[in-house]
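The following report describes the structure shown below, for a reader who wishes to inspect it residue by residue.

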Amino acid sequence: MKKIAIFFIIIIAIVSTIAYIYLNQIATNRTLQKANAQFSIKKDQEMIGQELATIMNRVINTNEKNEIPKNDKGEFIENNENSIKMDITFTDVDVTYAIERIGQAGIASFVQNYRGITFRCSEVQYHKSTGRIKYMRFEQVTE
């Protein structure tokens, strides 16, 4: 009788452990999807400057919330977990800027100058360890 009870206890412990691991993985995936969904960026997706300014604000706020340090140029330092880098290439002046530089000049002035201009996401990279968005590159499509 004791052997049967011990056998069932072991089976219940194994099933419980497997269920816990599975449910924990599902919760982690949902959290990851929720974190990436706030940017809702897909490669080759186009958007206007007003929407891009919203994405820039979210990237800056996310980096600040995650306490990502900055280098001496004022740019966020990449880590392997939750940092986000973002560059924008302006074809009318043939220059690529990091969003930190645009943020220093003022996102309001970016909106004023590029509100109706179309931008395309040309590159999206993800952190290998967490699956979160790591880097985004946007290019100006219209002038």
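## Nonpolar surface patch

The model is predicted. On its surface, a nonpolar patch is formed by Ile 4, Phe 7, Phe 8, Ile 11, Ile 12 and Val 15. Together these residues have about 600 Å² of accessible area. One of them, Phe 7, is placed in helix H1, which covers residues 2-37.

## Sheet architecture

The strands S1-S4-S5-S2-S3, in that order, make up an open sheet of 5 strands with mixed pairing. Strand S1 (46-48) and strand S3 (95-98) occupy the edges; each has a single partner strand, so one side of each is left without a neighbour in the sheet. From one strand to the next, the twist averages 30 degrees.

In a regular strand, side chains alternate between the two faces of the sheet.

## Strand pairings

At one edge, S1 runs antiparallel to S4, and 3 bridges join the two strands. Within this pairing, Met 47 stands opposite Phe 119 in S4.

Strand S4 (residues 118-126) is in turn joined to S5 by 7 bridges, again in an antiparallel arrangement. Two residue pairs illustrate the register: Gln 125 has Tyr 135 of S5 as its bridge partner, and Cys 121 has Phe 138 of S5. The hairpin of S4 and S5 has 6 residues between the strands, and in this hairpin Gly 131 takes a positive phi near 80 degrees.

On the other side of S5 in the strand order, strand S5 (residues 133-140) and S2 run parallel and are joined by 5 bridges. Here the bridge partner of Met 86 is Met 136 in S5. Strand S2 (residues 85-90) then pairs with S3 through 4 bridges, and these strands run antiparallel. Ile 88 stands opposite Tyr 97 in S3.

## Largest pocket

The largest pocket holds about 230 Å³ of space. Its lining comprises 13 residues, and those nearest the centre of the pocket are Ala 35, Gln 38, Thr 62, Asn 66 and Arg 132.

Which helix gives the most to the lining of the largest pocket? Helix H1 does, with 4 residues. Helix H1 and helix H2 (49-65) each supply at least two residues of this lining.

## Salt bridges

How many salt bridges does the model contain? The count comes to 3, where a salt bridge requires a side-chain nitrogen of Lys or Arg within 4 Å of a carboxyl oxygen of Asp or Glu. The side chains of Lys 134 and Glu 78 meet in a salt bridge, with an N to O distance of 3.3 Å. Lys 134 belongs to strand S5, whereas Glu 78 lies in the loop between H2 and S2, so this pair ties together parts that are 56 residues apart in sequence.

Methods. Residues are numbered from 1 along each chain as its sequence is written. This is a predicted model: local features need pLDDT of at least 70, side-chain atom pairs count only at pLDDT 80 or more; totals for chains, interfaces and linings use all residues. Side-chain values use heavy atoms; hydrogens and water are left out. Two strands pair if DSSP finds at least two bridges between them. Axes are lines fitted to C-alpha atoms, for helices over the stretch in contact, and angles run from 0 to 180 degrees between N-to-C directions. Patches are made of residues with over 30% relative accessible area and no salt bridge: like charges are joined within 9 Å, nonpolar side chains (Val, Leu, Ile, Met, Phe, Trp, Tyr) within 5 Å. Accessible areas come from the Shrake-Rupley method with a 1.4 Å probe; for residues, only the protein chains shown count as cover. On a 1 Å grid over the protein atoms alone, a cavity is a set of points where a 1.4 Å probe fits but cannot get out, and a pocket is an open set with protein on both sides within 12 Å along at least five of seven lines; lining residues have an atom within 4 Å of a point. Grid points are joined across faces, edges and corners, and a volume is the space filled by probe spheres set on the points.
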